[in-house]
Amino acid sequence: MEEIFVYCKTCQKKVKAMILTKHEKEYDKTTGSYKRLGIVRILQHTIGFRKNCEDTSQIKAIVESETKDSNGVMI
Ligand SMILES: [Zn+2]
């Protein structure tokens with residue numbers, strides 16, 4: 001089971017997600033690098049003291065990339 005970091009669309013936090021499927025590798029002309037999209041499931045995460053974010057949905061995300069943002073999330 002492979003896990004990556006993504007941004008939660010609901011609370012905007014950097015959260016862990018489990019990779020469910022991986023698509024074909026694609027060349028991104030804007031960054032000049034290769035990346036791979038896939039479907040991930042957001043794992044349950046906290047957003048504060050004793051508060052959980054309810055968003056554990058499946059989303060399309062970058063699961064492999066040569067570039068990361070300043071938080072270490074693949075872009
Ligand atoms: Zn969230």
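**A zinc site, two hairpins and a pocket**

Along the chain, the donors of the zinc ion follow the spacing C-x2-C-x33-H-x7-C. The model in which this site appears is a predicted one, and the distances, angles and accessible areas given below should be read as values computed from that model.

In terms of individual atoms, the zinc ion takes its protein donors from C8 (SG), C11 (SG), H45 (NE2) and C53 (SG), which lie 2.1 to 2.3 Å from the metal. The angles among these four donor atoms run from 99 to 118°, and the site of the zinc ion is tetrahedral; the assignment holds because four donors count as tetrahedral if all angles lie between 85 and 135 degrees. Two of the donor residues can also be described by their accessibility. H45 has a relative accessible area of 9%, and C53 has one of 3%; since buried means under 20% relative accessible area, H45 is classed as buried, and C53 is likewise counted as buried.

From the metal site one may turn to the strands. Strand β1, residues 3-7, pairs with strand β2, residues 14-28, in the antiparallel sense and over five bridges, and within this pairing V6 is found opposite V15 of β2. The hairpin formed by β1 and β2 has six residues between the strands, and Q12 is placed in that loop. The backbone of Q12 deserves attention, in that its phi is near 70°, a positive value in a residue other than glycine. Q12 is also exposed, with a relative accessible area of 56%, a class that applies because exposed means over 50%.

Strand β2 in turn continues to strand β3, residues 33-42, to which it is joined by nine bridges, the two strands running antiparallel. Here T21 stands opposite I39 of β3. The hairpin of β2 and β3 has four residues between the strands, and in this hairpin G32 takes a positive phi near 70°. Strand β2 also holds H23, which is partly exposed, with a relative accessible area of 31%. H23 and S65 are separated by 42 residues in sequence, while the distance between them in space is 12 Å, taken from C-alpha to C-alpha.

Another positive phi occurs at R50, in the loop between β4 (45-48) and β5 (51-53). For R50 the angle is near 55°, again in a residue other than glycine, and the residue is exposed, with a relative accessible area of 78%. The residue ranges also place two zinc donors beside this loop: the donor H45 has the number at which β4 begins, and the donor C53 has the number at which β5 ends.

The largest pocket remains to be described, with a volume of about 170 Å³. Of the 13 residues that line this pocket, V6, A61, I62, V73 and M74 are the closest to its centre. V6 is thus both a residue of the pocket lining and the one that stands opposite V15 in β2. Strands β1 and β6 (58-65) each supply at least two residues of the lining, and β6 provides the largest share, four residues. By residue class, the lining divides into ten nonpolar residues, three charged residues and no polar ones.

How values were computed: Residues are numbered from 1 along each chain as its sequence is written. This is a predicted model: local features need pLDDT of at least 70, side-chain atom pairs count only at pLDDT 80 or more; totals for chains, interfaces and linings use all residues. Side-chain values use heavy atoms; hydrogens and water are left out. Donors are N, O and S atoms within 2.8 Å of the metal (3.2 Å for Na, K and Ca); water is not among the atoms, so sites may look incomplete. Four donors count as tetrahedral if all angles lie between 85 and 135 degrees; four count as square planar and six as octahedral if opposite donors are over 155 degrees apart and all others between 65 and 115; anything else is irregular. Buried means under 20% relative accessible area, exposed over 50%, partly exposed in between (1.4 Å probe, protein chains only). Two strands pair if DSSP finds at least two bridges between them. On a 1 Å grid over the protein atoms alone, a cavity is a set of points where a 1.4 Å probe fits but cannot get out, and a pocket is an open set with protein on both sides within 12 Å along at least five of seven lines; lining residues have an atom within 4 Å of a point. Grid points are joined across faces, edges and corners, and a volume is the space filled by probe spheres set on the points. Ala, Val, Leu, Ile, Met, Phe, Trp, Tyr, Cys and Pro count as nonpolar, Asp, Glu, Lys and Arg as charged, and the others, Gly among them, as polar.
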